[in-house]
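This report describes how the helices of one protein chain are arranged and packed. The sequence and the structure are shown first, and the description follows.

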Amino acid sequence: MPTSPAESALGWRTVSATSPPQRPRIVDVAFWLLLLGAALLLGTGLVVATVGFDQLRAVAPETFTDDQLRSYLMFRRATGLLYALAGAGLAFLTGRIRGGQVTYRRATVALGLVTVAVVAVLTVIVGTGVAPLIALLPVLVGVVLLTRPTAAGWFTDDVTEDTEVRAEQ
């Protein structure tokens with residue numbers, strides 16, 4: 001209940017004894033880092049996937065045949081699309097963690113760690129450059145922050161209207 005007309009006009013809410021606890025700052029920082037990493041991964045994946053044959057032919061050694069380059073280009077494009085899908089999935093799950101459900105925190109941590117491992121290996125194998133590795137840094141830091149006791153303690157197993165109130169905070 002607002003205690004003054006100014007609070008009522010501004011839409012501020014006071015915290016009562018039955019209100020859920022405020023979201024810890026570490027959860028907000030993890031959210032923004034994961035979102036940044038997901039966006040960078042999505043953008044990097046799209047850039048990797050759009051490399052053309054002529055661009056690749058210009059930098060490839062003459063010993064590679066056109067068929068070999070086309071095969072490599074198909075593999076490189078598939079890798080770029082995998083990066084983009086991983087970024088989109090991570091962005092979706094990251095958006096859901098603000099509701100406070102432990103299920104989404106666990107899924108975000110799991111997908112974040114799998115994404116870091118797979119993208120790091122594919123970047124080395126395919127040779128997509130350093131940009132995907134840079135995109136992994138905020139993802140890794142965000143995942144670590146979500147596993148801290150302060151952040152982990154805020155999440156709850158309850159799937160009730162309480163989580164909708166938490167998401168609005």
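In this predicted model, helices α5 and α6 pass each other in a left-handed crossing. Their axes come within 9 Å and cross at roughly 155°. An angle over 145 degrees counts as roughly antiparallel, and α5 and α6 are therefore roughly antiparallel to each other. On the α5 side, the contact involves R105, T108, V109, G112, L113, T115, V116, V119, A120 and T123, which meet P132, L133, L136, V139, L140, V143 and L146 of α6. Sorted by class, the residues of this contact comprise 12 nonpolar, 4 polar and 1 charged.

**Overall arrangement**

The protein chain contains 8 helices and 0 strands, and its pattern along the sequence reads α-α-α-α-α-α-α-α. Of its 169 residues, 37% are buried. When contacts between residues at least 6 apart in sequence are considered, 74% of them join residues at least 24 apart.

**A second helix pair**

Two packed helices are described by the angle between their axes and the distance between the axes. For helix α2 (residues 25-49) and helix α4 (residues 66-96), the angle is about 160° and the axes are 7 Å apart. The helices α2 and α4 are therefore roughly antiparallel to each other, and α2 passes α4 in a left-handed crossing. The residues of the contact between α2 and α4 divide into 16 nonpolar, 5 polar and 2 charged.

**Helices α2 and α5**

The table sets out the extent of these two helices.

| Helix | Number of residues | Span, first to last C-alpha | Expected span at 1.5 Å a residue |
|---|---|---|---|
| α2 | 25 residues | 36 Å | 36 Å |
| α5 | 26 residues | 36 Å | 38 Å |

The span of α2 is close to the expected value, and the span of α5 is likewise close to its expected value.

Which residues of α2 are buried? They are V27, A30, F31, L34, G37, A38, L41, T44, G45, V48 and A49. An α-helix has 3.6 residues a turn, so residues three or four places apart point the same way. The buried residues of α2 pack against α4, α5, α6 and α7.

Helix α5, which covers residues 102-127, has as its buried residues V102, R105, T108, V109, G112, T115, V116, V119, L122, T123 and V126. These buried residues of α5 pack against α2, α4, α6 (131-146) and α7 (149-154). After α5 comes G129, with a positive phi near 100°.

**Tyrosine 83**

Y83 is located in helix α4. Is Y83 buried or exposed? Its relative accessibility is 0%, so Y83 counts as buried. Apart from neighbours within four places in sequence, Y83 is in contact with L41, G45, V119, L122, T123, T128 and P132. Among these partners, L41 and G45 are buried residues of α2, while V119, L122 and T123 are buried residues of α5. P132 belongs to α6 and takes part in the contact between α5 and α6. One of the partners, L122, is 39 residues from Y83 in sequence, and the two lie 9.4 Å apart in space, C-alpha to C-alpha.

Note on methods
Residues numbered from 1 in each chain as written. Predicted model: local features only at pLDDT ≥ 70, side-chain atom pairs only at ≥ 80, totals over all residues. Heavy atoms only, no water. Axes fitted to C-alpha atoms, helices over the stretch in contact; angles between N-to-C directions. Helix = DSSP H or I, 4+ residues; strand = E, 2+ residues; numbered from the N terminus. Parallel < 35°, antiparallel > 145°, perpendicular 65-115°, else oblique. Left-handed = near helix turned anticlockwise from the far one by under 90°. Nonpolar A, V, L, I, M, F, W, Y, C, P; charged D, E, K, R; others polar. Expected span 1.5 Å × (residues − 1). Buried < 20%, exposed > 50% of the residue type's maximum accessible area, 1.4 Å probe, protein only. Contact = heavy atoms within 4.5 Å.
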